[in-house]
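Let's take a walk through this protein together, from the overall layout down to individual residues. Keep the structure open beside you and turn it as we go.

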Amino acid sequence: MKSILEEYKCGKARLLTMLEESDDPVVKTVQPSLKTGRKWKVTEAVDEAKECLKIKEVIGQTQRGLGSTTAKWWSKTEMIIDEIRNKEDSTRVQKADQQPQQGQWTNWDTAIQRSLTWNDIWHMAPLRISFLIKSVYDLLPSNANLVRWGKKVNLTCPLCQGRQTTEHVLSSHKVALSQGRYTWRHNRVLKELASGISTAKGEIHPSSTSSAVFTTKGKVKKWHGGSITINTHRKGLLDGCDNWVVSADLPEWERHPDVIRKPDIVIHSASTQQIIMVELTVPYESRMEEAHAFKEGKYLDLTKELKKDGYEAKVMPVEIGDRGFVVFSAYGLLSKLSIGGNKRTKAPRLLDETAENSSPWIWRKIRRLLHKD
Ligand SMILES: [Zn+2]
């Protein structure tokens, strides 16, 4: 997460320095005005970074010569950016610890740091990036925040009488729940996950058999006394069987086998009696561990029953944070299903984008309901 705001700041700083250092006299003389919001001023940050660099240069800390001949403004820009990053980095932890509210993201132990590049941010709609930043730093105008900012006296949610925090709106609002809004988000992510798993199953090779090969004195000899089974790749959950069927609890998908109804996704092989149940939750990020433990417990009895009936059963809870933070459990699942390389990078990205895309919509819907009265 740390880098969303940082990349934003660095991007703005880069743009400003490039405009300032431009060879084009017109661009150079026009004082650029870059919109960055009230709290953080790009010109001030760049000036501050330049000052820092000057001091460092004087005391001999910088190795690359600043402002020298044709090393060009690229390196200078990058040095300024570096300086801003340094500052961001040191204030980040400090700030997070001081402010319990905005420090929440430091508690997302299980969430994998989501690092957005400037390119990502460049391609994100302004509203989307603004929602992401505001929701992660808990700066959305929920009633609890409005009370904190002195703009309201009552933090109760008028629709369901709960404490209206960001978490409340994004994941535990009773009206949103009853209207199926969280289910809608859940199912959008589920669809991506099921598709990802489905493609994985198509790539599974049954355990390969090959002749044992011996090397003696640099010469390769083949063993001719029959073949030995060697697993040529790391053992994945789907290895050794090639008739897996993936079903999902979604209207357009194949239905679950009769022995099992509940989970979100079932990967099963009738001939080998193996069942892998995947249960997806899209919780508020600080509740991911809780969600994982809950789902594990929920399926304990069912797993035991299936085992009694002779099945090899396994339940795999997976969490994708409601603001797009993929957890180790999701990476773990993909890796156990032997989804590798490009796909393993792409799949979580699709999952987190889908979750993160859906949440602003839920937020807006609820705000609209609230402002009806
Ligand atoms: Zn409510």
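The chain contains 14 helices and eight strands. Bear in mind that this is a predicted model. Of its 373 residues, 32% count as buried. Among contacts with a separation of 6 or more, 64% are between residues 24 or more positions apart.

A good place to begin is the sheet built from strands 5 to 8. These four strands form an open sheet in the order 5-6-7-8, with mixed pairing. Its edges are strand 5 (245-248) and strand 8 (312-319), each of which pairs on one side only. From one strand to the next, the twist averages 15 degrees.

Now cross the sheet one strand at a time. Strand 5 and strand 6 (residues 265-269) run antiparallel and are joined by four bridges; to find this pairing on screen, look for V246, whose bridge partner in strand 6 is I267. Strand 6 and strand 7 are also antiparallel, with five bridges between them, and here V266 stands opposite M277 of strand 7. The next pairing is where the mixed character comes from: strand 7 and strand 8 pair in the parallel sense, over eight bridges. M277 takes part here too, with V315 as its bridge partner in strand 8. As a reminder, strands of a sheet pair through backbone hydrogen bonds, either parallel or antiparallel.

How enclosed is strand 7 by the rest of the structure? Seven of its eight residues are buried, so strand 7 is largely enclosed. Helix 11 (residues 288-298) packs on the sheet, touching strand 7 (274-281) and strand 8, and its direction makes about 160 degrees with that of strand 8.

The turn between strand 6 and strand 7 deserves a closer look. This hairpin has four residues between the strands, and Q273 takes a positive phi near 50 degrees there. A270 is in the loop between the two strands as well. Is A270 buried or exposed? A270 counts as exposed because it has 12 C-beta neighbours inside 10 Å, and a residue with 12 or fewer falls in that class. The C-alpha atoms of A270 and W244 are separated by 7.9 Å, although the two residues are 26 residues apart along the chain.

Next, turn to the interior. In soluble globular proteins, nonpolar side chains tend to be buried together. Here the largest nonpolar core has 35 residues, and V189, L193, I197, I265, V278 and L351 have the most contacts inside it. At least two core residues come from each of helix 10 (181-202), strands 5, 6, 7 and 8, helix 13 (328-336) and helix 14 (341-370). Helix 10 gives the most, with six residues. To see how such a residue is surrounded, centre the view on L351: leaving aside residues up to four places away in sequence, L351 touches V189, E192, L193, I320, V326 and A330. There is also a second, separate core of nine residues, which includes V169, I362, W363 and I366.

Let's finish at helix 13, where S329, A330, L333 and L334 are buried. Viewed down the helix axis, the buried residues of helix 13 fall within an arc of 135 degrees, so they line one face of the helix. Just after helix 13, S338 takes a positive phi of about 60 degrees.

Conventions:
Residues numbered from 1 in each chain as written. Predicted model: local features only at pLDDT ≥ 70, side-chain atom pairs only at ≥ 80, totals over all residues. Pairing = 2+ DSSP bridges. Axes fitted to C-alpha atoms, helices over the stretch in contact; angles between N-to-C directions. Contact = placed C-beta atoms within 7 Å. Core = buried A, V, L, I, M, F, W, Y, C linked by C-beta atoms within 7 Å. Buried ≥ 20, exposed ≤ 12 C-beta atoms within 10 Å, placed from the backbone. Arc of directions from axis to C-beta.
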